[in-house]
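Please take me on a walk through this model in the viewer. Tell me what to select at each stop, and what I will find there.

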Amino acid sequence: MQHLNTLLCLIFFSLAVLKSHVVSAQSLHLNSFDSEHGLSQNSINCSLTDAQGFQWFATQGGLNRFDGYEFKRFKAHTSATSISGNWITACLKGTDNDLWFSTASKGLNRLDPTTGQFYTYSTFTNPQLSDDKIWSLAFDKSGNIWLGHEQGTLSYFDIAAQQFETYQVAENTQQNIVIRDIIAVQNTLWLATSHGLLSFNPKTKQFKHDIALTSPLWHLNKLSSNQLLIGAKQGLYIFSIDTETSFELPQFKGVWITDSLLDNQHNLWLTSYGQGVYFLAAGADIHTDVAHYRHDVQKPNGLKNDYLLSLYQDPQGIIWIGTDGFGIHRYDPKQQQFGHQSTTSSPHSLTHNFIRAIIKRKNGQLWVGTREGLNRAIPQGYQHYTTRLPNTNIFSLHEDKRQQLWVGTYGGGLLKYQDESDDFVSYTMQSHQLSSDRVYAIESDKDGIVWLGSNQGLTRFDPDSETVTHYQHNATHNSLANNTVFTLAYDKNDHALWVGTRAGLNKFSIETEQFTLLNERTGLSHNMVTSLLLSDDKTLWVGTMQGLNKVNKQNFDVEHISEQHGLVNDNIFDILADKQGYLWLATNGGLTRYHPITGSIQPFLPEDGIQHQSFILGASFQAIDGELFFGGINGFNQFYPDKLTLGHTPPTPVLTELLLNNREISTDFFDHSTDTLINATSTFSFAKSAGVIGFKFSALNNAATPKHYQYGYKLAGFDQQFLYNDASQRQINYPQLPAGHYQLQLKVRDQYGQWSEDTTLLELKVVPPWWQSNVAYISYTLCAMTLAWLVISSIYQRKLAEQQKQKEIELNKLKDQFLDNISHELKTPLSLILAPISQLQQSTHSSQAQSQLASIKRNCQRLLDLINQLLQLSKRPSTAVHYVSAYSLTTFLTDLIDDFAPLFAQKQLKFNFQDHCETVCTINIAPNHAHSIISNLISNALKYTRQAVRFECVCITAITSRISACPTQELALQKTNR
């Protein structure tokens, strides 16, 4: 036995010594996750953490990635990049951040966590691998992998060369040797097999069988450089590598040890198949101080069953316990810092978990009052006081300035504990005229007077004279607000008593015996006062059923703090202040730490180590050394606030899913060149018409409870500021984002109020349709410019045309004005010519002169008519149709010929006119037009004829008139009537 003790001391020589406490009294609060939460299967064979902080759980039905809230499954299917098999037996994390998984019948798999793609090594892809059934994996110091198979087969995989080597255990028996676990220590491999412990020398390629350990083994762990902890199907062994000797720990005989863990505090954890969890604190005695945790139907947050398979502690210190058929358990070892004490199977455990009152006396004794008796802490646990009490339902505990312990009961009156006799003296309604035997609260003043709060008002009790004075509610006098008194606080500065009742808060002046009332009407948040704390000379903190109140004692001003300000729950049952200035509030929603100056609020729940969400009114105490105690319905917590480890590195935000129209898609859905998972993707582009793009997110690398996280997100380029969600709303959607570039930014706050840095998780590019592309916009710009040019040009041309038209109008005006002027100038001479001609015609009798004068007169008159026409046209151009009466053509032509005859005579040309018409020939052409036409013909004949001209008028049946020049310089005029 002495040799065994020496060996055990060597095992734990590096473990830190913890303070003395009863290990079995510490309970485990576990968060459980199973297939109902998304696990692919509920038997967890191994666990690990990747470089980004995701947890990976290997099951007998697939691989699972956990982000703190949800599971992403990886299962075998027809894709070449999927895992080869679903029954995963072991897992490793490589130095290059790749993850390795062995399967029960489908070979070895390497996973790239950034892409989610698996690379399979099997007898099909690598014929050098002798067997696809792999039951164990281990790295050696060179970073290569050793694989344990059935039939005594050990394989070596050189990762760089991608080569396998196989080694076979030489056994005479025909039994199947299964290598369950492998561990490399120095230059030797140690193998836990179904036929005992084996060693293998990689240099000599030789196996060696330990003849002392031939029973079926399951697990190996290195305790130190020369010691192994061996878990077997029938016990637990410690093996010395130097002496190659083993010792069985008798208290584990017959226990199937499946896994072990030395956590970062050097505590030893053991899982078993059928016997639950074993825990040995660092420096504790392995013979007497092993804590044993088993499944208990009365503890819903304990182990779900006792059949456990694996243990793992992640980089944040969280311990994951894998079960067989009941999923994975999450345990935060920092729960222990809140010192949760509750009932156990030990005979020296608490008498009941429902804690009504707690006190740590000045002599260091801890007393705990429950609904089933009083408990005093002793080295073995607790000494119980039940039978010696008139009533076992303890409601209050108090120690006065004389270090006298007083006990208030529910029905048994007031008790005084006598340290010398370890007994109690009873004071009741019957024996000492107390107002009630239900003592809810006890307080004492500077004079040693004891004050009692009950369901029948306030009572003053003098311990020396054992006399009592009652103060009760009286509607007609200055009195207590209500006879139900829940809490008392003595104000030594004012020598006054603050009394919390069902109907408000009273300040009772002990000297004047006058009551001052503060209730809902005068500013209190609620009339039911449940807790009081005097923090300084000016401030009284008042807990009610509807929030916390900060009361100024001098003017009774009240400031409210409630759920609207961040409190988890408004039922404030107890208030204590630590040395750092924080207030600790026991509520119906857990324990809350509140800073009065900054207003910061940190909630603590059972997963953080708190006994339960529900605490009990009055069950709190602050010791002289600063230790705090809070009792509830599941035991009590004791801790030193300044020794709590509450600070963490802020969580790291991460994207977990990419969504399109609320359905998960892969990143290569739009861009086939992208093969990474969304959590490893830095840039991403999609079409504007794609639909509603969404993202799910989480936070990693923090041990705080994830459900307390608060998230802030911002899509830079779209959102103007950060938007905030709690942990229940970890999805954001953006419908129909405009084309452009965006940055998705995320930050996280943990339960302690620490915010992470603003992190840009993704660069987004929304690609517009072709008609909204840059080329299209350039084309649109060019077209618009062209159209604008055409419009401007058209307007310019129109303006030019208008200007030209205006110029023409001006010119026409000038022309008309000119014609008008010249016509008037011409008419006057013509009129002056016509008058003498008429006189000459009257005075001349020569026929030739008369003919010439007549011709002159006709042409002058013709000229005068033309001038009048010009005047008329210039003044008002007319489109009217004029009808002309028929007139004789012969007479018209004769006058015209006579006018031209002198001209022909001057050129010595012969000019004859002959009328061949048999009847009178008439025409309907306007005389002026007829005159112009025939005058032009005759004038042309005058210009171009050299000898003679003959002018004939012939009437022919036709509808046209024809004037022609004969080949012999003869001119003929014909009229046809057809």
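Start by selecting K334 and D332 and showing their side chains: the two meet in a salt bridge, with N and O 3.2 Å apart. This is a predicted model, and every distance on this tour is computed from it. Now switch on the surface around the pair. Are K334 and D332 buried or exposed? Both K334 and D332 are buried.

Next, select D98 and R110. Here is another salt bridge, whose closest N and O atoms lie 3.0 Å apart. Colour the chain by secondary structure to see what this pair links: D98 sits in the loop between strand 6 (88-93) and strand 7 (99-103), while R110 belongs to strand 8 (residues 108-112). The two residues are 12 residues apart and link distant parts of the chain. With the surface on, you will find D98 buried, and R110 buried too.

For a stop with another setting, go to K253 and E248. Their side chains also form a salt bridge, at 3.9 Å from N to O. How exposed is each partner here? K253 has a relative accessible area of 61%, so it counts as exposed, the cut-off being over 50%. E248 has a relative accessible area of 28% and is partly exposed.

Now select four residues together: R361, K362, E399 and D419. Rather than a single pair, you have a network of salt bridges linking these four. In general, side chains of opposite charge can pair when their charged atoms come close.

To put these stops in context, select every charged side chain. The protein has 74 positive and 86 negative ones, and the centres of the two sets are 13 Å apart. The salt bridges number 18.

Finally, zoom out to the whole chain in cartoon view. What helices and strands does the protein have? You should find six helices and 71 strands. The radius of gyration is 58 Å, well over the 30 Å that the globule rule gives for 978 residues, so the protein is more spread out than a compact globule. Turn the model along its principal axes, and the C-alpha atoms fill a box of roughly 190 × 100 × 40 Å.

Two last displays are worth a look. Colour by burial, and 50% of the 978 residues count as buried. Then show the accessible surface, which comes to about 46,800 Å², with 50% of it belonging to carbon and sulfur atoms.

Notes
Residues are numbered from 1 along each chain as its sequence is written. This is a predicted model: local features need pLDDT of at least 70, side-chain atom pairs count only at pLDDT 80 or more; totals for chains, interfaces and linings use all residues. Side-chain values use heavy atoms; hydrogens and water are left out. Helices (H or I, at least four residues) and strands (E, at least two) are DSSP runs, numbered from the N terminus. The radius of gyration is taken over C-alpha atoms; the globule rule is 2.2 Å times the number of residues to the power 0.38. Buried means under 20% relative accessible area, exposed over 50%, partly exposed in between (1.4 Å probe, protein chains only). Accessible areas come from the Shrake-Rupley method with a 1.4 Å probe; for residues, only the protein chains shown count as cover. Lys and Arg count as positive and Asp and Glu as negative; His and the chain ends are not counted. The place of a charge is taken as NZ of Lys, CZ of Arg, CG of Asp or CD of Glu.
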